[in-house]
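Hi everyone, thanks for making time for this. I'd like to walk you through one model, piece by piece, so please have the viewer ready.

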Amino acid sequence: MQKLRLFKSYIKNKKFGKFVIFDIRQLADYTTIKAGGPAKCFIETPNLDILKDIFEFICKNNIEFNIIGNGSNLLISDKGFDGAVISIKNIPKRLYSEGNYLFVSGNIEVPHILKMCQEYQLSGLEFLNGIPGMIGGMVEMNAGAFDCSIGNVIKEIVIINENGELEKISSSFIQFGYRKINIKKKNYIIVEAIFKMKKESQKRIKDLCDKYYNNRSFRFLLDYCTFGSVFKNGEDYYAGELLDRCGLKGYRIGNAQIFEKHANFIINLGNATSYDIYKLIKKMKKEVLEKFNIVLEPEVRFWGDFSDA
Ligand SMILES: Cc1cc2nc3c(=O)[nH]c(=O)nc-3n(C[C@H](O)[C@H](O)[C@H](O)COP(=O)(O)OP(=O)(O)OC[C@H]3O[C@@H](n4cnc5c(N)ncnc54)[C@H](O)[C@@H]3O)c2cc1C
């Protein structure tokens, strides 16, 4: 509370009030699963300088924070998140090429990128077609499909570090894992990614985009409120297959349901609570552990307290 008071007076003194909503009632609207409670504050700035200033203050004062992109991989507790949520959605959008390099600001989504890739005749990111994230979130998650992941194409990223400075990090200093990265820093915001692409004809790029999109077994999921895969696959198993063999397709708690066409997805049928969704995740994990002695690892990221669920 003390820290929040300090933060409020900093925001007031700096006249940043219009970029911060205090006591935001629900974060559900900022997620694709459409569930989640309040947050102490929500920050959305129109330019990088203000964001740098605020982020430096947050880090220096150890204020708890989380960054949100498109919210397509998040489950936020109904009790909410007891800290600051930072969105980079409104920073200036930049997308341009120099030679074979593609520069993309962290708030840009896949359809726009792929459209420009065709225009610039640059190939390499087509496999992202159909993933509903923003570049910042996709880099943080090392998003991927069809055995390709975004880390394979990154040359460097630009972050705002905890001193509120822009810092470039070359891909050789980034560890890209399965739906995670490690840049050996605790506090950062990814604001840009630079990709090493290949020259290719417009037609070939368009064909690849279509091929990847049409081959996505869960492209129809875009019509539902969901956060994509609940669990990661293992080296020798597909989480969806194990869950299917547990007979969980269609299983429901409240208005949260395991998707009938693919057991590694949960959909919100309307006003599902995060607790219902979390309970479903616990059920899925328990069934697979009991039947196959395998501990599934969630792909979705959790914010806030789920201890009551
Ligand atoms: C229908 C559907 C299909 C999907 N298919 C795929 C798929 O094929 N492959 C795949 O990999 N994923 C898939 N996903 C999951 C999701 O889209 C990806 O994980 C995506 O990378 C998340 O991006 P986002 O912007 O929504 O991030 P968010 O969900 O907002 O955030 C995810 C994580 O990244 C962090 N983060 C977000 N922005 C930043 C930033 N600028 N700087 C630092 N950290 C940040 C957040 O704090 C959080 O920890 C799918 C999701 C849905 C709903």
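**A walk through the model**

Let's begin with a pair of strands. Strand β11, residues 154-160, pairs with β15 in the antiparallel sense, over 6 bridges. One thing to keep in mind as we go is that this is a predicted model.

If you want to find that pairing on screen, look for I159, whose bridge partner in β15 is I190. Strand β15 has another partner as well: β7, residues 101-105, runs antiparallel to β15 and is joined to it by 5 bridges. There you can pick out V104, standing opposite A193 of β15. As a general reminder, the strands of a sheet pair through backbone hydrogen bonds, and they can do so parallel or antiparallel.

So is β15 enclosed, and how many of its residues are buried? Of its 8 residues, numbered 189-196, 6 are buried, so the strand is largely enclosed by the rest of the structure.

Now let's step back to the whole chain. The domain assignment splits it into domain 1 (2-87), domain 2 (95-215) and domain 3 (219-303). Between domain 1 and domain 3, the C-alpha centres are 28 Å apart. Where these two touch, domain 1 brings 14 residues to the contact and domain 3 brings 15 residues. On the domain 1 side, strand β4 (residues 74-76) gives the most, with 3 residues. That side of domain 1 has 6 nonpolar, 6 polar and 2 charged residues.

Next, the ligand. Which residues come nearest to it? Out of the 33 residues around the ligand, those are G69, G133, G136, G137 and G228. Our strand β15 returns here: along with β3 (65-68), α4 (135-141) and β9 (144-145), it supplies at least two residues of the shell. The element that gives the most is α4, with 5 residues. By class, the shell has 16 nonpolar, 14 polar and 3 charged residues.

Let's move on to helix α7, residues 274-292, and try a little arithmetic check. At 1.5 Å a residue, a helix of 19 residues should span 27 Å, and the end C-alpha atoms of α7 are 27 Å apart, which agrees. Several residues of this helix are buried, among them I277, Y278, L280 and I281. What covers the buried residues of α7 includes β4, which we met at the domain contact, as well as α6 (239-245), β17 (252-253), β18 (256-258) and β19 (266-268). Just after the helix, look at N293, which takes a positive phi of about 55 degrees.

Three of those covering strands make up an open sheet, in the order β17-β18-β19, with antiparallel pairing. The edges are β17 and β19, each with a single partner strand, so one side of each has no neighbour in the sheet. Between β18 and β19 there are 3 bridges, and A256 has N268 of β19 as its bridge partner.

My last stop is E64, in the loop between α2 (48-60) and β3. Is E64 buried or exposed? It has 11 C-beta neighbours inside 10 Å, and exposed means 12 or fewer, so E64 counts as exposed. Setting aside neighbours within four places in sequence, E64 is in contact with D82 and G83. The C-alpha atom of E64 is also separated by 13 Å from that of I43, which is 21 residues away along the chain.

That's my tour, and I'm happy to take questions.

Key
Residues are numbered from 1 along each chain as its sequence is written. This is a predicted model: local features need pLDDT of at least 70, side-chain atom pairs count only at pLDDT 80 or more; totals for chains, interfaces and linings use all residues. A residue is buried if 20 or more other C-beta atoms lie within 10 Å of its own, exposed if 12 or fewer, and partly exposed in between; C-beta atoms are placed from the backbone. Helices (H or I, at least four residues) and strands (E, at least two) are DSSP runs, numbered from the N terminus. Two strands pair if DSSP finds at least two bridges between them. Domain bounds come from an automatic or database domain assignment. Two residues are in contact if their C-beta atoms, placed from the backbone, lie within 7 Å. Ala, Val, Leu, Ile, Met, Phe, Trp, Tyr, Cys and Pro count as nonpolar, Asp, Glu, Lys and Arg as charged, and the others, Gly among them, as polar. A residue is near a molecule or strand if its C-beta atom, placed from the backbone, lies within 6 Å of it. The expected span of a helix is 1.5 Å times one less than its number of residues.
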